[in-house]
Amino acid sequence: MNASEDYLSMDPSEEISQVLDRQENNTIIMRTHPTVKEYYENMTAFLSLAIFIASLLTILNICIFSTTVSRLRRHLNKALLRPSIIMVGLYPIISVAALVTILVPYSWFICHTVMHVMFMVGGPVFRTLLFRYVNSEQNYVKETGGEAVQLNTPPCCCCCVCLPMVIPTKAKLCISRYMVWQMPFWQGSIMLVMNILYYRDIQLYHQVMYFFIPFIVCSIVLGAWSLQITVRMITKLRGDYQLRKKMFCLQLVVMLCKLQYLVLYDQLDGIKMGGEYPINHTIYKQTIINILILVEMVLVSMMVQSAYRTPIQVQIDEVNKEKEVTRI
């Protein structure tokens, strides 16, 4: 989704440094990303330092993940353990994808697709985790007793002001579930097609990529809106579970890996970096952005570790005690 800048908006100095590849049908394709051999044969001190720093940051993120998982295994039951581990595991996977982008620049589109997939996967898993905090959707309806829920939540808080409050029912919760689960299927299909086009026919990719963007944005907005409504619903029953903090950590995946990437990609065009192909301006620019993502993922992982700690265990202990008293 970010590859348009590589082809449509490059500096004149970059155009000189590009390589022309002739295919069998004599069409000419312009490349800004070197092959692995070209990349390592022309390695610079900046890129060597970037690889070293990126490796350290990735290892640090994996260590934070291991510590968090160890704590979760001690504190959570099986119903909550698996979705919680998946949620905290999103961020080291993003770090590995950013590291691979620096190590193999030509794989950048696949790696950033992986970052995008982390939000698509995290959305349904997080919704499952939310309702497991209250045992099930049916149990939530029983505990709330038909209490109405507001729909004017971000990212649709401005355009949904006039919508009335809704009483959660089985059918309406099913609609909310579909709004979240459409993300991995809808966006996954689109990203698969975009990857095939990018690596097989990049010229066709540049012609059609803008038609896909509105569908991806609408899918993200619908999924995020449903998750925000669900977080508000469950917070009324489990207010000390830090659900808003967990949701914010999930949203940071899109904000840092996609929105920030697009903004910085344009802003860094004003700074001259790199030289001629293969270590050109594009390589330096993407390396800087991915180093920044790696630093941010370490900070987000620490925030996630804080969000998924003891308040959950305290509530689980209280529920277990209530069950034991009931049995007695």
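In this predicted model, the loop between α6 (108-132) and α7 (137-144) contains N135. The backbone of N135 adopts a positive phi of about 80°. N135 is not a glycine. Its relative accessible area is 52%, so N135 counts as exposed, the cut-off being over 50%.

A positive phi also occurs at Q242, with a value of about 55°. Q242, again, is not a glycine. This residue sits in the loop between α9 (202-235) and α10 (243-267). Q242 has a relative accessible area of 24% and is therefore partly exposed.

Helix packing was examined for α5 and α11. Helix α5 spans residues 78-103, and helix α11 spans residues 281-307. Their axes lie 9 Å apart. The packing angle is about 165°. The two helices are therefore roughly antiparallel, since angles over 145 degrees fall in that class. The crossing of α5 and α11 is left-handed.

On the α5 side, the contact is formed by V88, Y91, I94, S95, A98, T101 and I102. These residues meet T287, N290, I291, I293, L294, M297, V300, S301 and V304 of α11. By class, the contact of α5 with α11 comprises 11 nonpolar and 5 polar residues. Charged residues are absent from this contact. The nonpolar set includes V88 and I94 in α5, and L294 and M297 in α11. Among the polar residues are S95 and T101 in α5, and T287 and N290 in α11.

Conventions
Residues numbered from 1 in each chain as written. Predicted model: local features only at pLDDT ≥ 70, side-chain atom pairs only at ≥ 80, totals over all residues. Heavy atoms only, no water. Helix = DSSP H or I, 4+ residues; strand = E, 2+ residues; numbered from the N terminus. Buried < 20%, exposed > 50% of the residue type's maximum accessible area, 1.4 Å probe, protein only. Axes fitted to C-alpha atoms, helices over the stretch in contact; angles between N-to-C directions. Parallel < 35°, antiparallel > 145°, perpendicular 65-115°, else oblique. Left-handed = near helix turned anticlockwise from the far one by under 90°. Contact = heavy atoms within 4.5 Å.
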